[in-house]
Each structure stands twice: as C-alpha cells, then as structure tokens.
Amino acid sequence: HHSTMNISKSGYRVFSANSTTACTELAKKITERLGVDLGKSVVYQESNRETRVDVKESVRGQDIFIIQTIPRDVNTAIMELLVMAYALKTNCAKNIIGVIPYFPYSKQCKMRKRGSIVCKLLASMLAKAGLTHIITMDLHQKEIQGFFSFPVDNLRASPFLLQYIQEEIPDYRNAIIVAKSPSAAKRAQSYAERLRLGLAVMHGEAQCSESDMADGRHSPPPMSSGRTTSGHPGLELPLMMAKEKPPITVVGDVGGRIAIIVDDIIDDVEDFVAAAEILKERGAYKIYIMATHGLLSAEAPRLIEESAIDEVVVTNTVPHEVQKLQCPKIKTVDVSMILAEAIRRIHNGESMAYLFRNITVDD
C-alpha cells in the first residue's frame, strides 16, 4: 500500500537552484549517481531581472538538497540560492542542505582597511534564508566554517587530483610539487608528502599575493595641515618597516623535473603564467597546474593557451565548458561521486568520517 503514497519513501529530494544547462550538469551527474530524479522546480529571471523560483512538487517534512554551482554571474546565483532556500523553508521542508561545491566570496574572508568580511555576511544570509547545513569543497580558508551558525562539511578534492597525478601524468615520480607563493605552501606540502615527492616554494616580486594587501585600517587619518599629531601627542608607535619583496626566487631545485603547481582556485592566471615562465627558465621540462576550482575568468583560456603551461587540471565544482572549448589544455576531474556520497550519508544519518579518511588538519 506504500506505493500509493505519492511522497517518495526515501523522503529526500535534490533540486538545482539554477536552470542553465552548464550549471545543472553537475546536479544531473549527482542525481544519476544517487538514482533519483532532479526535483521539479523552475528558476528564472523576470524581464525586470528579478529572480523567481517556483517549486513544482511537495517538499513537506523532507530533507531537501539544493545544488548550486556558481556560473559567471555570481550574485544572481546567490540570490537564486537564497530565494529557493526560503521557498523550501516556507513550504515546510524538514532540512534544507545547500550543496555549494565552490563557495562564492570565499576570498573575502579577511578584514581589509575599510572593507568588510563579505563571506561572513553571506553565511548569515544563507542561515536567514533557511539553510540548515552546507556541503562544500575546499573552502579558501578552513576557518570560514566558523562563520556559519550550522554545520558545514568541507569536502576535499585532493584525493581526486592526487589520483589524476598518479594515473594521468606519465613519469610523475620525476615530478616536484610547487607552491607559487608561500601562502600555497601548506597545500603543496600535503601533496608532496602524499606522493612522496619533493617540494619547491616560489616567493618574491612578480605576484602580489593576497596576504600582503594592506591591512592598515587607517584609523587616525593621515596628518592634515594645521593639525598636530592626531590622538595623544605622547603616543609614539614603533615604525613598521615596509616590506621589500626580493625578485622572484624558487626555493628548491626544479631542474630536469616535471613541475606540478597546486592551488585551490585558479581564476586570474597571470600569476600562474609568470610562475610557469620562471619554472621553465629554472629547467622544469613540463608544467602542470592542479586546482580545485577552475573559475578561469576573462582572458584566462587564451593566456593559458599561449603560456608555458602544459596542462591545467581542475574539478567540475565550477562549470567551465566554454573555457575548455577555447583552450584544450584545460582538463576536468569529476568530483560528483564524493558529493553524491555526502548527500546519501547525511540523509541516512551515517558518519561522514569515511569521506575524510587520511585527511589531516592542514589539508
């Protein structure tokens, strides 16, 4: 008699918060692996550019997973996610779990001058809209998990990228893992230790890394004429030496090796192209780039195509079909399997530990 009930016995549904084909691709892969149909909903922009979400089936009392991959227009994608989550909350879904493989604004997670920590704002908005849990991949900084008032599962892509290195890079034992800036050194070290390879770290002028953007919240404004020293005339803070970046140097020997640069996001590729040039000069004979999120904005495909880089390997957390058509050097690793498994485990109340086996705090 159960078959007559129109609610699926499993009690969960998977929706996509975006209707464009590029973005539903990952959602379709995940639902195929789970053996369920994608939830029926329509997400569209009205002619005045407002976002509308119509959920076309009952969600009452169910676990609802919303898959949102972030296309070029990131702000629309966020609004779609918020509106859909709120619609599901209003329609009495039991749990609303956001599956957001690449979490947008994750680079804006530190305070700068008179800016703000946008990532924290986004976390609060998602909670307000009704999300109760998030599954994401390789957050730009792991501490971002602390911005949320609900659980966050920060899955890792490194097992898939490591597998790619071992299976698809012939002669990978002659490779060396490279961090293109000291900030990427931790990730690179983790790769190097797992693959039992050497590590090289680049530092110096060519790239201005995000860790060096001024954090001087200039509270007392600079001295204006006609005013004495601001604040207390007696207070003399010690003067900080300005940073002087040396010309770019590579710590570690890459001569006669395959260089594999690892990072979490590849978006503006100028840094990577510059790094590749230097590694080539230092005698690396092949250059690969491994990154979880291939945003590859603007001119990236053309710049990669013209550069010394031999291959860029990214996962499908962000749709990048258009870029692949422009640049055959871009290769994709499919991570839908681990996302599908995370959904299955959360819905069945199973432990997630298996998905994090062998993953250390530093990964």
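**Exercise 1. Find how much surface the protein exposes, and which share of it carbon and sulfur atoms supply.**

Step 1. In this predicted model, the exposed surface of the protein comes to about 18700 Å², of which carbon and sulfur atoms supply 54%.

Step 2. Turning from surface to interior, buried residues account for 47% of the 363 residues.

Step 3. The secondary structure consists of nine helices and 14 strands, and among contacts between residues at least 6 apart in sequence, 68% join residues at least 24 apart.

**Exercise 2. Determine the strand order of the open sheet of seven strands, and explain why one side of each edge strand is left without a neighbour.**

Step 1. Read across the sheet, the order is E10-E9-E8-E11-E12-E13-E14, and the pairing is mixed.

Step 2. Strand E10 (249-251) and strand E14 (330-333) stand at the edges, and because each has a single partner strand, one side of each lacks a neighbour in the sheet.

Step 3. Averaged over this sheet, and with direction ignored, neighbouring strands are turned by 25° against each other.

Step 4. At the E10 edge, strand E9 (residues 198-203) runs antiparallel to E10 and is joined to it by three bridges; Met202 has Val250 in E10 as its bridge partner.

**Exercise 3. Identify the strands touched by helix H6 and those across which helix H4 lies, with the angles involved.**

Step 1. Helix H4 (residues 158-168) lies across strand E11 (258-266), strand E12 (286-294), E13 and E14, and its direction makes about 155° with E12.

Step 2. Helix H6 (residues 270-281), which also packs on the sheet, touches strand E8 (175-179), E9, E10, E11 and E12, and runs at about 170° to E11.

Step 3. The buried residues of H4 are Ser158, Phe160, Leu161, Leu162, Tyr164 and Ile165, and their cover includes helix H5 (185-195) and H9 as well as E11, E12, E13 and E14.

**Exercise 4. Decide whether His320 is buried or exposed, and list what it touches.**

Step 1. His320 belongs to the loop between strand E13 (311-315) and helix H8 (321-326).

Step 2. Its relative accessibility is 3%, and because buried means under 20%, His320 counts as buried.

Step 3. Not counting residues up to four places away in sequence, His320 touches Gly294, Leu296, Val314, Thr315, Ile330 and Thr332; with Thr332 there is also a polar contact of 2.9 Å between the side chains.

**Exercise 5. Locate Ile135 with respect to strand E6 and the largest nonpolar core.**

Step 1. The largest nonpolar core has 48 residues, and Ile135, Ile177, Ile260 and Leu339 are those with the most contacts inside it. Helix H9 (residues 336-348) gives the largest share of this core, six residues. Another core lies apart from it and has 31 residues, including Val53, Ile64, Leu126 and Leu131.

Step 2. In strand E6 (residues 133-137), five of five residues are buried: Ile135 shares one side with His133 and Met137, while Ile134 and Thr136 are on the other.

Step 3. Strand E5 (residues 95-100) runs parallel to E6, with four bridges joining the two, and Ile97 stands opposite His133.

Step 4. Leaving aside neighbours within four places in sequence, the contacts of Ile135 include Ile97, Gly98, Val99, Ile100 and Pro101, then Asp153 and Leu155, and finally Leu339, Ala342, Ile343 and Ile346.

Technical notes: Residues numbered from 1 in each chain as written. Predicted model: local features only at pLDDT ≥ 70, side-chain atom pairs only at ≥ 80, totals over all residues. Heavy atoms only, no water. Buried < 20%, exposed > 50% of the residue type's maximum accessible area, 1.4 Å probe, protein only. Polar contact = N/O pair within 3.5 Å; in protein donor to acceptor, adjacent residues only side chain to side chain. Contact = heavy atoms within 4.5 Å. Pairing = 2+ DSSP bridges. Axes fitted to C-alpha atoms, helices over the stretch in contact; angles between N-to-C directions. Areas by Shrake-Rupley, 256 points an atom, 1.4 Å probe, with all protein chains shown as cover. Core = buried A, V, L, I, M, F, W, Y, C linked by side-chain atoms within 4.5 Å.
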